[in-house]
Amino acid sequence: MDLVGPPAPEEYLKAVQDISEWAYSSLELFRGELLAVLYPVLVHSYLELVKRGFEADAQTLLRRFRHHHDLHQEEIERLLAARTPQLIDDSPLATIFLQHKYIISMSQDTAQLLFRHLHDNHRLLILSLLNQHVDLQTYSGQPRPSADRPADVGITGMEGLGIKALNRRPIQWGVLPPPAEASAAPAVGADDDQGTKRARMGKGKEEEGGAGTRLPPAPSSSEHPIPQYSQGVLTEAYIAEDLRRQVSLSGPALPSVCFFTFFNLHSSLNGLEFAADGSLMMSANGDSSVQTWDFLPERVFYQADPAQAAAIAASPLHQPFPAPQAAAEHHAAAGAGAAPLPPAAVAAQPRPYPSLHSESPHAHHQIYWGHSGPVHRAVLSNDGQFALSCSEDGSARLWSLEAKTAIASYRGHQSPLWDCAFAPANYYFATCGHDRTARLWATDRLTPLRLFAGHVSDVDCLCFHPNSLYLATGSSDRSVRLWDLHEGPFVRTFVAKLHGTAIAHLRMVAGLGLLGPGHTAAVTQVVISPDGRTLASSDMSGSIRLWDLALGQQLAHLQGHTKAVWSLSFSQDSALLASGGADNTVRLWDMSKVIPGEEDPAPASMLPSASTKAAASALVKTLNTKWTPVLSVRFTRRNVLLAGGPFRPPAGLTLPPEIAAAAGAAPAQPQQQQPRLSVTGLG
């Protein structure tokens, strides 16, 4: 064919037919890499035909060859809907294909075979498409076997080597010590042998120094632009008490699990959140409400002294934690300038924390109204005094649990919000939603401080790094990104597929070898370990992936869930990962099986097979709930695992009398069923 003028529509059909038949009939050694060329050729042939006005021929072409691309059916449907030049211009997916080159990685032998065929058969149309729209990256040696081949085709919006360079940039993934850690030591006594041992070990490492010492790059406290509001001695004392009573977990030493089952909610429960101490639970509901269950019969909200009132009014999230009566009387009698109670005296006061074995199963229930659409997420501040919710109405609301009302409404997104999160210090929070952006807010400002744009589909989940310097986001575009809160750009991107399109880049960092692709479905949850080193993400297919933030590399692919994973939580010592999902299970994973220790870095000889074997052995426990999908899991500060979800038996199932009574079932009048809460232990 001689490209003197624009090729006729039938030439596109003939060219795609020829290269498809040739690729499928090639030697098995080269076939896998040659087949990667077919999809971008098909897509750009379709787009060119539509742009030139041959809509019917374009539809025929795409429908005839779509069966060759099972992994791309979702984006093919989107392209078929863009059947006119105007719709092509308005299609985000078509725009991505037209603005970015499609990256393909193949051996030099495969590339020579491909171009020899195209030249010998005068397939100048295919050559033109490859030159314009494909970034072909070659490597020396034989083609890789399919078992070791990465997901090496796709679009990222940047060159493959650019992603590698980006993920290799150093970041400050270390964490600041908890504010109460320093004050915990004087009041330790005989009950903190383990904490004292940890402190001695940490001190010894620091004093040893030398070439073998590996201290994580951590920020200084001066890098955090956070108002210095006193949290009160009680807040620090309660945290210190939790740290002293924290249980060390491992594969053999599993946590206690408390499960909350919600009856008669009729699919209206969208999200569930637990307080860090386990004393409070909050739900986000489809009827536009936010509900809380307080397990403290008489929660006391700490009142600041007059000298602090003005500062606290400017940023209400920094009000101190509830104080026991003795501490409140101490401040009232001694005045604002009095010295705080010593930690030992605080620890001796009655603790207003809940007991999972309390004789009174009742919890104070409160309903909050204010949103005009379904609420998709509700979270609690770390001090348990405030809550944040986001809704389909495009707003986020800040609630005072003491006043039992909304005290601020934040509007910036022009579309539904899917997730929100408080920063560790509570002063900042973030939101994300359908507009493909995430935004950073301060509680005392009604306009966002930062806007993070880069995802090409809905941003579905987010979380802050423990040191408050970074924000992690997960999206329906199947990518995870880590954003620098100070500067604004993303500093890590973990991608494998974009709307079903595999991303090309070699996952070879520090000699770790090929560790496999990223997510192949929409990302549902992201969480960062308390030590700041590891990011875990889950998706709709039920897979969980672990990422090393320092190396910018995937550590492991955890498989076990059979349906979407909705929630993830690391234990306080980062030793275990808990996951819960739509398959009605809570699963516990041993991180020591897949994450190398500080003194035992990943060997250069670590191969995909070894990584897969380690990931398979990481699952240490599966806890089943018969008909309750798990919406949320959370480790408390004492490493007790809390989980919960709505009771959803199969349609038409006749429940046993004892279960029907517990669920409050009333078959004759289902509309009169009232929501009920049941608390059980899993083991």
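**Group meeting: cores, rings and a helix pair**

I will start with one residue: F274 has a relative accessibility of 2%, so F274 counts as buried. F260 is also a buried residue, at 3% relative accessibility. Before I go on, please keep in mind that this is a predicted model.

These two phenylalanines belong together. The centres of the F260 and F274 rings are 5.4 Å apart and the planes make an angle of 40°, so the pair is classed as tilted. F260 lies in strand 4, residues 257-263, and F274 lies in strand 5, residues 269-274. The two residues are 14 apart in the chain.

In total the count is 16 aromatic pairs. Another one is formed by Y410 and W441, and this pair is edge-to-face, with 5.8 Å from centre to centre and 65° between the planes. Here Y410 comes from strand 12, residues 405-411, while W441 comes from strand 15, residues 437-442. The separation in the chain is 31 residues. Are Y410 and W441 buried or exposed? Both are buried.

Two more items on rings. Y39, F97 and Y102 make up one aromatic cluster. At F490, the ring has the charged end of R481 sitting over it, 4.2 Å from the ring centre.

Now the chain overall. The protein chain has 683 residues, and 53% of them are buried. It contains 18 helices and 33 strands. If we take contacts between residues at least 6 apart in sequence, 62% of them join residues at least 24 apart.

Next, the nonpolar cores. The largest one has 43 residues, and V37, L47, L79, L114 and L130 are those with the most contacts inside it. Which helix gives this core its largest share? That is helix 3, residues 38-51, with nine residues. There is also a second, separate core of 18 residues, with A421, A423, L440 and W483 among its members.

Let me take L79 from the largest core as an example. With neighbours within four places in sequence set aside, L79 contacts Y39, V43, Y46, L47, L62, L93 and A94.

The helix pair I want to show is helix 8 and helix 9. In general, two packed helices are described by the angle between their axes and the distance between the axes. For helix 8, residues 108-120, and helix 9, residues 124-133, the angle is about 140° and the axes are 8 Å apart. That angle makes helix 8 oblique to helix 9. What meets what at this packing? On the helix 8 side there are L114, F115, L118 and H119, and on the helix 9 side I126, L127 and L130.

Staying with helix 9, its buried residues are L125, I126, L127, L129, L130 and H133. Their cover includes helix 1 (9-25), helix 3 and helix 8, along with strand 1 (102-107) and strand 2 (134-139).

Helix 1 gives me a last residue, S20. Its relative accessibility is 6%, so S20 counts as buried. Not counting residues up to four places away in sequence, S20 touches L38 and F65.

To go back over the main points: the largest nonpolar core has 43 residues, the second has 18, and helices 8 and 9 pack at about 140°. The F260 and F274 pair I opened with is tilted, whereas the Y410 and W441 pair is edge-to-face.

Notes
Residues numbered from 1 in each chain as written. Predicted model: local features only at pLDDT ≥ 70, side-chain atom pairs only at ≥ 80, totals over all residues. Heavy atoms only, no water. Core = buried A, V, L, I, M, F, W, Y, C linked by side-chain atoms within 4.5 Å. Buried < 20%, exposed > 50% of the residue type's maximum accessible area, 1.4 Å probe, protein only. Helix = DSSP H or I, 4+ residues; strand = E, 2+ residues; numbered from the N terminus. Contact = heavy atoms within 4.5 Å. Phe/Tyr/Trp six-rings, centres within 6.5 Å; stacked < 30°, edge-to-face > 60°. Lys NZ or Arg CZ within 6 Å of the ring centre and 35° of its normal. Axes fitted to C-alpha atoms, helices over the stretch in contact; angles between N-to-C directions. Parallel < 35°, antiparallel > 145°, perpendicular 65-115°, else oblique.
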